[in-house]
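Here is a short note for a colleague coming to this entry without background. Please read the points with the structure open beside them.

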Amino acid sequence: MAGVYVHIPFCKQACSYCDFYFTTHLLNKADFLTALLSEIESKPAYLNNQVVETIYFGGGTPSQLETRELNTIIDCVKQHYNVSEKPEITVESNPDNLSRDYLQSLYNIGVNRLSIGIQSFKNEDLELMNRAHNCKEAEQCVSIARGVGFKNLSIDLIYGLPNSSLKDWKSNIKKALKLNPEHISAYNLTIEKGTPLAHSVAKGRVNIPSDEEIVMQHNTLVSSLNTAGFEHYETSNFAKKGYRSQHNSSYWKGTHYVGFGPSAHSFNGNSRSWNIANTKKYVDSMRKGKSYSETEILSEIDSINEFILTGLRTVEGINLQHFRSNFGEKADEQLMKESQSSISKGLLEKTENRLAITSTGKVLLDGVTAELFFE
Ligand code: SF4
């Protein structure tokens, strides 16, 4: 199994907290599409004919493209890669540009999973984040998507928002559950250096909730979604039975994937590559017939640490049998030795074939993972 990721860099406006690669200039969209299609055509060898089970449009905001443009990209992937009969095709989108006609057309071209960046149902939060939508659009787009036939909907939410209380967060969760999505991704807001939000925090214009408040919001999230029948299958991801994101799950399992577009990453088991995060330079380089990317060959230690990092993010944890067969007995002994302290503190649990983070450990995931890293 393999995956395809397509990065669409265009956004309607800049969210105040965002440090993903995006551009608000749509002027060079035609040039971008030409470059993107030529990159897709140029890389089929990367996946070595492995069956592509997932195609994921991320960004930026992929729903800034017209559906005929998305369709051309999907056709191009199908033409040049060994795509399975019914791949999971996800498009990330924002509520402000999801009209009924657009959603109907998206569904008709074969997109079968829609991920909607709602983030909050409170207008004050949306304004503070400089999101392009309001809470009415957030609630409406889900029922329109249902109406046109989407059966696999994911909602993105953010907790730990400036000036937010536990009561606000509970209300957001309640509204999200009322919409009955199959999947929810919920992220703790990170104040990224250089963003307008970081500037506001530094100037004291907004208050960030305390660590205790954030832990309470996180714990409320987990217990509310568990009660509502969601499985907490990855650090930030919750799914109803049978609705895990196949694409993102493949990242955490070490599946190979190829990425297209500015800033897109690719991974083939031995190396990791990433395209330049600049649309103009990306387009210029594709015009010259070569991709503008960097590649890192993964050492044995990089591969081990990657295996630990991705394994601990999932509910299944690290598969110890795979760990032993991939990296040998000595590495296995070292992992067991380094994990003892976290096991005794109740942060990790070990069964015969699995080493996984506990619910207490989840709050301290980064620290627990770092203790297991090989040097
Ligand atoms: S829509 Fe997404 S990618 Fe675009 S600016 Fe906002 S958070 Fe960033």
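The points below take up the model, one helix, the ligand and the two domains.

1. The structure is a predicted model, and the points that follow should be read with that in mind.

2. Helix H1 covers residues 29-42, and because each of its 14 residues should add 1.5 Å, a span of 20 Å is expected, which agrees with the 20 Å between its end C-alpha atoms.

3. Which residues of H1 are buried? They are Phe 32, Ala 35, Leu 36, Glu 39 and Ile 40. These residues cover an arc of only 140° around the axis, so they lie on the same side of H1. As general background, an α-helix has 3.6 residues a turn, so residues three or four places apart point the same way. On the other side of H1, Ala 30 and Glu 41 are exposed.

4. The buried residues of H1 pack against helix H2 (67-80) and helix H10 (279-287), and also against strand S9 (256-260).

5. Around the ligand stand several residues, among them Cys 11, Cys 15, Cys 18, Phe 20, Phe 22, Thr 61 and Asn 94. By class, this shell holds six nonpolar and five polar residues, with no charged ones.

6. The protein is divided into domain 1 (2-251) and domain 2 (300-372), whose centres, taken over C-alpha atoms, are separated by 29 Å. Eight residues from domain 1 and seven residues from domain 2 make the contact. On the side of domain 1 that touches domain 2, helix H8 (211-227) and strand S7 (231-234) each give two or more residues, and the largest share, four residues, comes from S7. That side of domain 1 has three nonpolar, three polar and two charged residues.

Notes
Residues numbered from 1 in each chain as written. Predicted model: local features only at pLDDT ≥ 70, side-chain atom pairs only at ≥ 80, totals over all residues. Expected span 1.5 Å × (residues − 1). Buried ≥ 20, exposed ≤ 12 C-beta atoms within 10 Å, placed from the backbone. Arc of directions from axis to C-beta. Contact = placed C-beta atoms within 7 Å. Near = placed C-beta within 6 Å. Nonpolar A, V, L, I, M, F, W, Y, C, P; charged D, E, K, R; others polar. Domains from an automatic or database assignment.
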